[in-house]
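Let's walk through this structure together, one region at a time. Keep the sequence and the 3D view open as you read.

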Amino acid sequence: GLDVEASEERVCDPVRGYAGTLDLRGRFRHMTHGLDVIDIKTGSVPPWVGYQTAAYARLLPGAPKRRWALNLRADGTYRLEPLTARTDEQVFLAALTVAQAKRGWL
């Protein structure tokens, strides 16, 4: 039920100095408003995937944005997990600032 708008899309923020490759961007047909950002993970979903998807979502136009982890399992099944923590973007930006300070970029 996802209308895919982009796959393996490279995104970047030249002002904040980060970039990444967004796995999937699109819109679920059963949801009326917003954009869906999906990161694909095999095995278990790491706890930092919320920060990763928040970083991608802040680079995309429009609102609201829903974030998801698509967990592909070895047995061929999958699980789509919503990422709803409101603090994910702030945690990402704080970590980015610390990483840049350690590199002497600030």
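**A walk from one exposed residue to the pocket**

Glu 8 has a relative accessibility of 51%, and because exposed means over 50%, this residue counts as exposed. Please bear in mind that you are looking at a predicted model. Glu 8 sits in strand 1, which covers residues 2-13. Its backbone is worth a look too: Glu 8 is not a glycine, yet has a positive phi of about 55°. For context, most residues other than glycine have a negative phi.

From the surface, let's turn inward. Which residues make up the largest nonpolar core? There are 7 of them: Val 11, Leu 22, Leu 35, Val 37, Tyr 56, Ala 57 and Leu 60. At least two residues of this core come from strand 3 (35-42), and helix 1 likewise supplies at least two. A second core, separate from this one, has 6 residues, among them Leu 2, Phe 28, Ile 38 and Leu 70. In soluble globular proteins, nonpolar side chains tend to be buried together. Back in the largest core, Ala 57 touches Val 37, and also Lys 65 and Arg 67, leaving aside residues up to four places away in sequence.

Now follow the chain to helix 2, residues 88-102. With 15 residues at 1.5 Å a residue, helix 2 should span 21 Å, and its end C-alpha atoms are indeed 21 Å apart, so the two values agree. Which residues of helix 2 are buried? They are Asp 88, Phe 92, Leu 93, Leu 96 and Gln 100. These buried residues cover an arc of only 130° around the axis, and therefore lie on the same side of helix 2. Their packing partners are strand 2 (18-28), helix 1 (49-57) and strand 4 (65-72). On the face turned away from the buried side you will find the exposed residues Gln 90 and Lys 102. Just after helix 2 comes Gly 104, with a positive phi of about 80°.

One last stop is the largest pocket, with a volume of about 280 Å³. Of the 15 residues that line this pocket, Lys 65, Arg 67, Leu 83, Ala 85 and Arg 86 are the closest to its centre. Helix 1, strand 4 and helix 2 are the elements that give two or more residues to the lining. Which element gives the most to the lining of the largest pocket? That is strand 4, with 3 residues. Two names here will be familiar: Lys 65 and Arg 67, both touched by Ala 57, are among the residues closest to the pocket centre.

Technical notes. Residues are numbered from 1 along each chain as its sequence is written. This is a predicted model: local features need pLDDT of at least 70, side-chain atom pairs count only at pLDDT 80 or more; totals for chains, interfaces and linings use all residues. Side-chain values use heavy atoms; hydrogens and water are left out. Helices (H or I, at least four residues) and strands (E, at least two) are DSSP runs, numbered from the N terminus. The expected span of a helix is 1.5 Å times one less than its number of residues. Buried means under 20% relative accessible area, exposed over 50%, partly exposed in between (1.4 Å probe, protein chains only). The arc is that of the directions from the helix axis to the C-beta atoms. Contact means heavy atoms within 4.5 Å. A nonpolar core is a set of buried Ala, Val, Leu, Ile, Met, Phe, Trp, Tyr and Cys residues joined through side-chain atoms within 4.5 Å. On a 1 Å grid over the protein atoms alone, a cavity is a set of points where a 1.4 Å probe fits but cannot get out, and a pocket is an open set with protein on both sides within 12 Å along at least five of seven lines; lining residues have an atom within 4 Å of a point. Grid points are joined across faces, edges and corners, and a volume is the space filled by probe spheres set on the points.
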